[in-house]
Amino acid sequence: MLHELLLALIGYTGDLIVDEREQQKILFPDAPVSEECTFKLAPDISFLQASERAVIESLISLGFYYRELDRFASKSRNLSWIRSTNDAPLSRTSVLLKGKTKKPSIYRRAIANGIVEILSVYRSAVLQVEQILLSDPMPILATVTRGLNKFFVLLPPLYELIVEIERDDVRGGQLLNLLHKRCHCGVPELQACIQRLLWHGHQVMYQQLSSWMVYGILQDQHGEFFIRRQEDRDVDNRSSCPDVSEKLVQKSHDDASLTDWHLGFHIFLDMLPEYIRMPVAESILFSGKAIRVLRNPSPTFRYQDAVNHQPIPKGSLRVQGFMGRFAFQKESFADLKLIGEELLPQSEADKIDAMLQELKDTAEFHKRSFEHAVDSIRTIAASHLWQLVVVRADLNGHLKALKDYFLLAKGDFFQCFLEESRQLMRLPPRQSTAEADLMIPFQLAAIKTIGDEDKYFSRVSLRIPSFGITVTPSQVDLSKMKSNPDGSSGVISKGNSSSELTLDGWDGIALEYSVDWPLQLFFTQEVLSKYQRVFQYLLRLKRTQMELEKSWASVMHQDHTDFVKRQNDRMNCSITQQRRQRFRPMWHVREHMAFLIRNLQFYIQVDVIESQWNLLQERVHDSHDFTELVGFHQEYLSALISQSFLDIGSVSRILDSIMKLCLQFCWNIENHDSNANTLELEQITEEFNKKSNSLYTILRSSRLAGSQRAPFLRRFLLRLNFNSFFEATARGVLNVVR
């Protein structure tokens, strides 16, 4: 009887101790874990006392737990799935359809290895009990109970654990989370066992972390790691943001590292253990992506690095700027081999591996040590990525180029461009040839102002992406649609306010900037679109300022011409004098317009752009972390947009209306000889006064002037209202409205 009991304790039943599932013939190798004990004493046993029966039934439950734990470990450690992956696809499909195989789990296999360790200790205890029984001339049942008593607190909780794992199909990070929760118990022996199982699970996680953070390789065949490739999500992203995604995929089609950086990986929250915080997981994600970039540089980067050291023929930059593309020279650069080891030295990779190995060798998981190691690895990756982007790819030079061209720091170039294209922009743009028409003044401006030493101009190209409804000078009427002498008609929105006019067709002028690897990690499409938004706003502002200046110059020229005629023709002197008197109030209005536009332009260019640029330069100089640099640049762009009021709809609409009114005023003034429409000029004047006073009232409100979003706004308001004119006018308008 004792020998059969010992066999039952290691999972082998017989005539006296039976397994109900074996009798029902429902026990097969892949059968799920039974949720209740099926080891029973045979019903026909009559020679046992009730107390002995109770002790034996308690003991054989350990055998049942052992057998189920052993079956779970055998199934989890079964490597037949490796062979099935090499089978023909049809055979694999048929097996899956029959439901005979489950998706394998590396984490379950690791936990099974820990369970095998615990079961080996249990088998040793059973063997020791057998030896004691054999050496004892009077073997008793109490010897078995005493030898195996400690396993009554170990095997039942482990059995409950595997039941939950199989029932809920717990895998990967979820399994680590489950074990981490089970570690918190008041039984030291059980806590030690669960911690050992968790240690085995962490070995797999550390192996995946090592592959990801040392080599940039994601080893996760069965979807158990909390870093996952972007598969279904990228389809959703492209459908929600088709323009950005399509441009990004198109630009990075040949560079897998860029595709991986922007679209390749994400954190899978279902597999993220609760004891790993989200910022730590994001640091792990960033570190692996950075290592992938450093170990897999783009082939084009080698050529670009070589081209930067090649002499460029005189005048070639201008031609490249017009074409909007850069032609690489065809010389061989066999001697310039840029390999991943240069971007990430092997010593740094060994340092990362050593930190992960130290965590791997620790018996217990220490959250603080883990987070410190991840933060150190992220610092290493961010530092080398900073070295690549800032030093090797000349980030500061490209930032300066974007400031020169998108923020109009090269004012002489854009002044020349607007002057050369002034007559062209008086006419509505032709959709088929508008871009080509603008290339001529763009080219002339470049020849006059851009030097051969400017190597970044070749990356700038002019585009007109789309057209709004065109409003031309001769077509504008503030109150109604007006027919032109040539039969064409103007297009005005239904409202009476000129603020409801659609944008001029030329306001869609945009710049494109060609960005090479690895700067595409920094200058994303979102970043370039922000630069584009500020550029279009600044160009409209500069165009308005130029038109106001040109209108004054034109009328002064006409006035001098009239003065000469008046000296020669005394008869028409009174007519000329009357015309000058009639338009004298208009010059006051023009001066008010120019005063507002000049001060607004000075505020944006000096108080906003230059101050934010100097702050960005200080941060770039002091920072050696790529992620910090990205954050600083985002703050820089956000400050440009917010302090220029582009994110306040009411203010930006008023500014657009003011610029349109200024242009309409200039065009009407210059054409006053051929079509003197004093009433229309008075309407423009009235509308401008309303808009400018509304602008001043909004900007001086405590919500804006008293906030930190525009620290230099008070200077702008002081320059506008230096003699209290704006304040008095705005108060008068408010009184009239009331």
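Student: Is Ile447 buried or exposed, and what is its relative accessible area?

Tutor: Buried means under 20% relative accessible area, exposed means over 50%, and partly exposed lies in between, with a 1.4 Å probe and protein chains only. In this predicted model, Ile447 is partly exposed, with a relative accessible area of 43%. Ile447 lies in helix H23, residues 434–449, where helices (H or I, at least four residues) and strands (E, at least two) are DSSP runs numbered from the N terminus. Residues are numbered from 1 along each chain as its sequence is written. Local features need pLDDT of at least 70 and side-chain atom pairs count only at pLDDT 80 or more, while totals for chains, interfaces and linings use all residues, and side-chain values use heavy atoms, with hydrogens and water left out.

Student: Which residues make the nonpolar surface patch of about 260 Å²?

Tutor: An α-helix has 3.6 residues a turn, so residues three or four places apart point the same way. Here the patch is made by Ile440, Leu444 and Ile447.

Student: Where is Ser694 found, and which backbone oxygen does its side chain reach?

Tutor: Ser694 is found in helix H28, residues 678–699, and is partly exposed, with a relative accessible area of 32%. The side chain of Ser694 reaches the backbone oxygen of Lys690 at 2.8 Å. The C-alpha atoms of Ser694 and Val651 are separated by 8.9 Å, although these residues are 43 apart along the chain.

Student: Which helices do the buried residues of H9 pack against?

Tutor: Contact means heavy atoms within 4.5 Å. The buried residues of helix H9 (residues 172–182) include Gly172, Leu175 and Leu179, and the buried residues of H9 pack against helix H6 (106–135), helix H8 (155–168) and helix H10 (188–215).

Student: Which residues touch the most other members of the largest nonpolar core?

Tutor: A nonpolar core is a set of buried Ala, Val, Leu, Ile, Met, Phe, Trp, Tyr and Cys residues joined through side-chain atoms within 4.5 Å. In the largest one, which has 193 residues, Phe226 and Phe370 touch the most other members. Helix H25 (residues 573–622) gives the most to this core, with 16 residues. Leaving aside residues up to four places away in sequence, Phe226 touches residues including Met205, Leu209, Phe268 and Ile284.

Student: How many helices and strands does the chain have?

Tutor: The secondary structure comes to 31 helices and six strands, and buried residues make up 48% of the 738 residues in the chain.

Notes
Patch = residues over 30% accessible without salt bridge, like charges linked within 9 Å, V, L, I, M, F, W, Y side chains within 5 Å. Areas by Shrake-Rupley, 256 points an atom, 1.4 Å probe, with all protein chains shown as cover. Salt bridge = Lys/Arg side-chain N within 4 Å of Asp/Glu carboxyl O. Polar contact = N/O pair within 3.5 Å; in protein donor to acceptor, adjacent residues only side chain to side chain.
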